[in-house]
Amino acid sequence: MRAILSRFLNSAMMARWTQVYADWRFSQKNVEVPACDENGIPFPSAYLMARVAGDISWRQFQRSGHQTIHLFRDLSLAHGGDISRAQRILDFGCGCGRLARHVPQVSRADFYGCDFNRQLVRWCRANLPGTYDVNQLKPPLRYEAQFFDIIYLFSVFTHLREATQSAWLAEFHRVLKPGGFLLITFHDEVHPMLDEIGVSTNALRRTQFHVHNDRAEGSNYLAAFQTREHFSRQASKWFDVCEIKSSRDTGVNQAVAVLRKPELPHELGG
Ligand SMILES: C[S@@+](CC[C@H](N)C(=O)[O-])C[C@H]1O[C@@H](n2cnc3c(N)ncnc32)[C@H](O)[C@@H]1O
């Protein structure tokens, strides 16, 4: 009996429900969310905001999305990728559109978002411009090869295991056009949360990848950390690594990698 109870308490299902409860608690603090922002774009409920960003107010939700999309625009531009001239953009792990709602300010591209959480995708479909799809935890995506000019993901690799991340890098390579850009955030070795969970920067440098709360992959319950060196090594199997900024320097509390798909087949990719 004790073994069954212990297995249940440690199950992925329990972890997911623990996270749902935590998100509901956070949402109780985010009171009086306005119906729309200054551009007339609807806000998601406090609960949906908490599902993607934990303890966040609607003002922070709006500000952080705006800041991140402009950061992505500037970083890709610095390496020759112009979001304003892209034909198609994908927001992978789009959540309830924290970034997507700001994309029309920087681009007129056909916009796509996808997420493995159906509830979040349903909200985006009903409230934001663009095409939204549900995908599975692991590849493939439903898009044809070489479909996108730009793919970005904010705080998705922060919740995936190493093998899943690796599989997604290969899939992004498939659906990105040659010369296209991929922007990815992750928790690096100087992220403040590492200290909170009792892992030192040096310890992470030794193991290169660390998973905290290794249950319910893809939910905010699981937190993944990796060194910038490790990320660069993994990404360079498929992409040119243009730049990786430390989480201390981006202003969005996560490291940001700017990757470019080579015009010619990559020597190491395959
Ligand atoms: C921390 S939230 C960030 C959401 C959004 N990018 C934002 O910045 O508000 C992580 C998101 O990634 C999604 N996600 C996690 N694993 C995924 C996967 N394998 N495929 C698609 N989405 C995934 C989650 O459902 C969640 O919406």
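The following paragraphs go through a predicted model, taking up the surroundings of its ligand, then helix H5, and finally threonine 201.

Around the ligand there are 20 residues, and of these Gly93, Gly95, Arg98, Asn117 and Gly218 come nearest. Sorted by class, this shell is made up of ten nonpolar residues, eight polar ones and two that are charged.

Helix H5 spans residues 118-127, and within this helix Leu120, Val121, Trp123 and Cys124 are buried. When H5 is viewed down its axis, the buried residues fall within an arc of 160°, and they therefore line one face of the helix. The face that is turned away from this buried side carries Arg118, Gln119 and Ala126, which are exposed. As for what lies over the buried residues of H5, the cover includes helix H3 (46-53) together with two strands, E2 (110-115) and E3 (131-134).

Threonine 201 belongs to another helix, H8, which comprises residues 201-207. Its degree of burial follows from a count of neighbours: a residue is buried when 20 or more other C-beta atoms lie within 10 Å of its own, and exposed when there are 12 or fewer, so threonine 201, with 14 such atoms within 10 Å, is partly exposed. Once its neighbours within four places in sequence are left aside, threonine 201 is in contact with Glu189, Val190 and Leu194. On the other side of threonine 201 in the numbering, threonine 227 is 26 residues away along the chain, and the C-alpha atoms of these two threonines are separated by 8.8 Å.

Key: Residues are numbered from 1 along each chain as its sequence is written. This is a predicted model: local features need pLDDT of at least 70, side-chain atom pairs count only at pLDDT 80 or more; totals for chains, interfaces and linings use all residues. A residue is near a molecule or strand if its C-beta atom, placed from the backbone, lies within 6 Å of it. Ala, Val, Leu, Ile, Met, Phe, Trp, Tyr, Cys and Pro count as nonpolar, Asp, Glu, Lys and Arg as charged, and the others, Gly among them, as polar. Helices (H or I, at least four residues) and strands (E, at least two) are DSSP runs, numbered from the N terminus. The arc is that of the directions from the helix axis to the C-beta atoms. Two residues are in contact if their C-beta atoms, placed from the backbone, lie within 7 Å.
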